Every structure is written in C-alpha cells, then in structure tokens.
Amino acid sequence: RPFNSREIAAKTTCCVEMPTDTTVVFTHTGAQEEHKNFEFDYAYWSHDPNTPGRFTTQETIFEDLGNTIMNNAFDGYNACLFAYGQTGSGKTWSVLGGDTPETRGLLPRVIEGMFIRMDE
C-alpha cells in the first residue's frame, strides 16, 4: 500500500521489495542488514504508482481474485474473503481501497459486480 501521511511526515523508508509477482523480500536494517525472502501465489506491489511495470492496481487484484469469488458465489458456494497480515501491511487498502473509483478495493468491486451480474 502507499505510505500514509504519518509515514510520509516521518520520512519512513520502504523495507519491502518485490522482485517478481510471487516473491517478497523484507530488509531489516539494524546493526547488520538482514534480508528475508518469502514466496506466495500472488504478491502485489501497490506502494508506489510511479514504479513502471510493477505497480498493481485495485482492478488487477479484482481480476485475479474477485472474479473467482463472484463465480463461486453464483455457482452456489459460500464465498469468503480473508485478509491476514501484519498491522499496516495493506489489508484494509486491498479489501476496501481508497476514496476514488480507481482505488476502490476488492470488496466494493465484488459487490458491484454481483449486482451487475444479477441484473443481466
């Protein structure tokens, strides 16, 4: 997720890198710099929209995950969206999003998509 106003004011530096669409690297800078690598099914870079070729929009997250949730719900299965992670890691940003149509999160897009589909 992008830095919030408090993080910007504190001149916080980003400790996360995503060299691929499935790899996350956390860097701890202390007495000795330490890197920890993690692999996921999906890893989305949403920190800086000015990162060419790496920035993931809310629309991309919806296309990857939201359509599956909707399809399963319309096929009669229970649908659940579970966001898990460290405080400040972007769960609320991914699920609910921001104030503009482009930054709407996964849940508002799924709900809108379900109502559109029911009207068809």
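Helices and strands here are DSSP runs, at least four residues for a helix and at least two for a strand, numbered from the N terminus. Keep in mind throughout that you are looking at a predicted model.

**Stop 1: the whole chain**

Start with everything shown and colour by secondary structure. You should get four helices and three strands, in the order α-β-β-β-α-α-α from the N terminus. Along the principal axes, the C-alpha atoms fill a box of roughly 60 × 30 × 25 Å. Of the 120 residues, 22% are buried. As for contacts between residues at least 6 apart in sequence, 37% of them link residues at least 24 apart.

**Stop 2: lysine 11**

Select Lys11, in the loop that runs from helix H1 (5-9) to strand S1 (16-17). What is the sign of its phi? Positive, at about 55°, although this residue is not a glycine. For background, most residues other than glycine have a negative phi. Lys11 is exposed, because its relative accessible area of 72% is over the 50% cut-off.

**Stop 3: helix H2**

Now select residues 58-74, which make up H2, and look along the helix. Where is the kink centred? On leucine 65, with a bend of about 40°. Next, show the buried side of the helix: Gln58, Ile61, Phe62, Gly66, Ile69 and Met70. The spacing is easy to read with one rule in mind: an α-helix has 3.6 residues a turn, so residues three or four places apart point the same way. Add helix H3 (91-95) and helix H4 (106-119) to the view, and you have the helices that these buried residues pack against. Just past H2, click on Gly76, which has a positive phi near 95°.

**Stop 4: the nonpolar cores**

Keep H2 on screen and select Tyr44, Ile61, Phe62, Ile69, Met70, Leu106 and Val110 as sticks. These seven residues form the largest nonpolar core. H2 and H4 are the elements that give two or more residues to this core, and H2 gives the most, with four. In general, nonpolar side chains tend to be buried together in soluble globular proteins.

For a close-up, centre on Val110. Leaving out neighbours within four places in sequence, Val110 is in contact with Phe62, Gly66, Ile69 and Met70. Apart from the largest core there is another one, of five residues, including Val16, Met18, Val24 and Trp45.

**Stop 5: threonine 56**

Step back along the chain to Thr56, in the loop between strand S3 (34-39) and H2. Is Thr56 buried or exposed? Buried: its relative accessibility is 11%, and the cut-off is under 20%. Not counting residues up to four places away in sequence, Thr56 touches Tyr44, Trp45, Ser46 and Ile61. Two of those names have come up already: Tyr44 and Ile61 belong to the largest nonpolar core.

**Stop 6: aromatic pairs**

Show the aromatic rings. The model has three aromatic pairs. One is Tyr42 with Tyr44: the ring centres are 5.7 Å apart and the planes sit at 10°, so this pair is stacked. Tyr42 is partly exposed, at 44% relative accessibility, whereas Tyr44 is buried, at 19%. Another is Phe82 with Tyr84, also stacked, with centres 6.2 Å apart and planes at 10°. Surface colouring will show Phe82 exposed, with a relative accessible area of 64%, and Tyr84 exposed too, at 72%.

**Stop 7: the largest pocket**

Switch on a pocket or surface view. The largest pocket holds about 1,300 Å³ of space. How many residues line it? There are 37, and Met18, Tyr44, Ser89, Gly90 and Lys91 lie nearest the centre. Strand S2 (23-28), H2 and H3 each supply at least two residues of the lining. H3 gives the most, with four.

**Stop 8: proline 101**

Finish in the loop between H3 and H4 by selecting Pro101. Pro101 counts as exposed, at 53% relative accessibility. Now draw a distance to Gln58: the two C-alpha atoms are separated by 9.7 Å, although the residues are 43 apart along the chain. Gln58 also brings you back to Stop 3, as one of the buried residues of H2.

Terms used
Residues numbered from 1 in each chain as written. Predicted model: local features only at pLDDT ≥ 70, side-chain atom pairs only at ≥ 80, totals over all residues. Heavy atoms only, no water. Bend = angle between axes of the 7 residues up to and from the residue. Buried < 20%, exposed > 50% of the residue type's maximum accessible area, 1.4 Å probe, protein only. Contact = heavy atoms within 4.5 Å. Core = buried A, V, L, I, M, F, W, Y, C linked by side-chain atoms within 4.5 Å. Phe/Tyr/Trp six-rings, centres within 6.5 Å; stacked < 30°, edge-to-face > 60°. 1 Å grid on protein atoms, 1.4 Å probe; cavity = no way out; pocket = protein on both sides within 12 Å on 5 of 7 lines; lining within 4 Å. Points joined across faces, edges and corners; volume = space filled by probe spheres on them.
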